[in-house]
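Colleague: Please take a close look at one part of this model, the packing of a pair of helices, and then follow the chain into the neighbouring elements. A connected account with the cut-offs stated would be appreciated.

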Amino acid sequence: MELFNITLDTTPQNITATENVFSSFTTAFENITTSPITKNNVPRTPPRNVRCGDISSSATAIRNLSIFIFTVAFIFGAVGNGLVIWITGFRMKKTVNTIWFLNLAVADFIFTIFLPITISHTALGNWPFGKFMCKISSFIPMFNMFASVYFLTIISADRCAFVVFPVWAQNKRNPKIAVIVATVIWALALALSFPYLAFRDTFFNSKTNLTVCFNNYAFSLDTKNPAIQSLRLMRHKAMIFTRFFGGFLLPFLIIVVCYGIIIMMLRKNRLVAHSRRPLRLIVAVVVTFFICWLPYHIFSLLELSLHGNNCSLKNTVTIGTSLAISLAFINSCVNPILYVFIGRNAQHRIRTSILQVIERALKDEQSQITRTSKTQSKSMSEATSKFL
């Protein structure tokens with residue numbers, strides 16, 4: 001299969017099956033390809049003296065691997081997150097913790113139920129689902145990314161506030177405020193993801209009888225007008241930098257600061273040995289998210305550096321982006337697994353009912369502090385130890 005072969009056609013009408021098949025790896029995000037689809041997703045003629053070589057065998061292997069990973073993510077993500085939604089939404093008492101984890105599971109569940117579309121696209125090498133679903137297929141993954149990282153950020157900030165101001169948090173921290181904050185996070189994620197809904201477009205190639213789902217940043221197929229070319233590149237860069245800083249770097253810095261403060265407070269009060277499952281669980285979820293998404297953001301930034309005759313870099317970014325997207329997709333099914341295995345002995349947890357395991361893992365331990373505070377006043381360190 002000629003997946004990455006260079007074609008010298010310059011018009012949108014000559015987008016070939018090559019680009020269409022590759023876009024199956026990136027339909028949920030931005031098409032990152034070698035020529036003729038360039039870094040700003042504009043078909044153009046590559047330099048005629050450039051021969052980047054045939055890496056179709058690698059592309060075929062990556063496509064098959066991607067289909068396998070997407071399928072696994074769909075099965076485990078839909079079942080696992082559905083289970084977490086049922087437990088936190090219907091079986092457990094509504095607490096701040098359960099509200100955070102319920103919304104995190106909803107974000108992942110929404111993403112996973114749309115994965116069969118991506119799987120079909122990857123397998124078919126064609127986009128048969130229409131323009132509306134093309135837009136949705138790009139919008140949903142970014143909506144999931146923004147919502148997930150902001151919920152992880154607020155979970156970290158919430159835990160930090162409880163450690164630094166345990167009495168205030170114990171009195172003011174309540175489910176009603178958590179619902180309001182969650183609503184704001186959903187609205188923010190929706191606003192930041194909207195451009196991915198707006199810019200996605202489809203194009204039918206009459207020569208190959210295939211449809212391409214791609215990013216039309218200028219709402220135009222004109223490949224010759226310099227003003228339109230400049231607009232495409234400007235919007236493309238704006239989206240990449242907004243996604244990187246707003247959906248990765250800034251939340252990551254906030255989370256690092258929060259856990260830095262938590263660690264200092266624990267050491268100050270000599271409570272490191274008393275840390276319990278909730279802190280380990282949240283740290284594991286946060287670290288997993290950033291490990292899964294970091295490669296994608298790195299390759300997105302590298303994409304902006306593609307220029308000239310550097311075929312090695314182009315091939316690296318092309319293949320690396322496909323693998324990075326597969327890794328990002330895995331994140332949607334990991335959290336329920338962490339809820340089961342983080343903390344106590346894994347074998348004991350396997351023998352225990354999965355429902356009880358997840359319910360205990362997500363349980364808000366503030367109630368324990370409240371019961372204790374009725375008998376006597378507790379110091380900051382004691383309250384922190386109970387919560388963590």
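Modeller: The crossing of helix 5 and helix 8 is left-handed, a label given when the near helix is turned anticlockwise from the far one by less than a right angle, right-handed being the clockwise case. This is a predicted model, in which local features need pLDDT of at least 70 and side-chain atom pairs count only at pLDDT 80 or more, whereas totals for chains, interfaces and linings use all residues. Residues are numbered from 1 along each chain as its sequence is written, and side-chain values use heavy atoms, without hydrogens and water.

Helix 5 covers residues 130-164 and helix 8 residues 226-268; they pack at an angle of about 20 degrees with axes 9 Å apart. Helices here are DSSP runs (H or I, at least four residues), as strands are (E, at least two), numbered from the N terminus. Axes are lines fitted to C-alpha atoms, for helices over the stretch in contact, and angles run from 0 to 180 degrees between N-to-C directions. Helix 5 is therefore roughly parallel to helix 8 (angles under 35 degrees count as roughly parallel, over 145 as roughly antiparallel, 65 to 115 as roughly perpendicular and the rest as oblique). Their contact has 18 nonpolar, 4 polar and 2 charged residues; Ala, Val, Leu, Ile, Met, Phe, Trp, Tyr, Cys and Pro count as nonpolar, Asp, Glu, Lys and Arg as charged, and the others, Gly among them, as polar.

Of the 35 residues in helix 5, 28 are buried (under 20% relative accessible area, with exposed over 50% and partly exposed in between, for a 1.4 Å probe and protein chains only). Helix 5 reaches 52 Å from its first C-alpha to its last, close to the expected 51 Å, the expected span being 1.5 Å times one less than the number of residues.

Ala 169 belongs to helix 6 (residues 166-172) and is buried, at a relative accessible area of 1%. Its C-alpha atom is separated by 8.5 Å from that of Asp 158, 11 residues apart along the chain.

In helix 7 (residues 175-199), the end C-alpha atoms are 37 Å apart, which agrees with the 36 Å that its 25 residues should span. A kink of about 35 degrees lies at Ser 193, shortly before Pro 195; the bend at a residue is the angle between axes fitted to the seven residues ending there and the seven starting there. Buried residues of helix 7 include Trp 186, Ser 193 and Phe 199.
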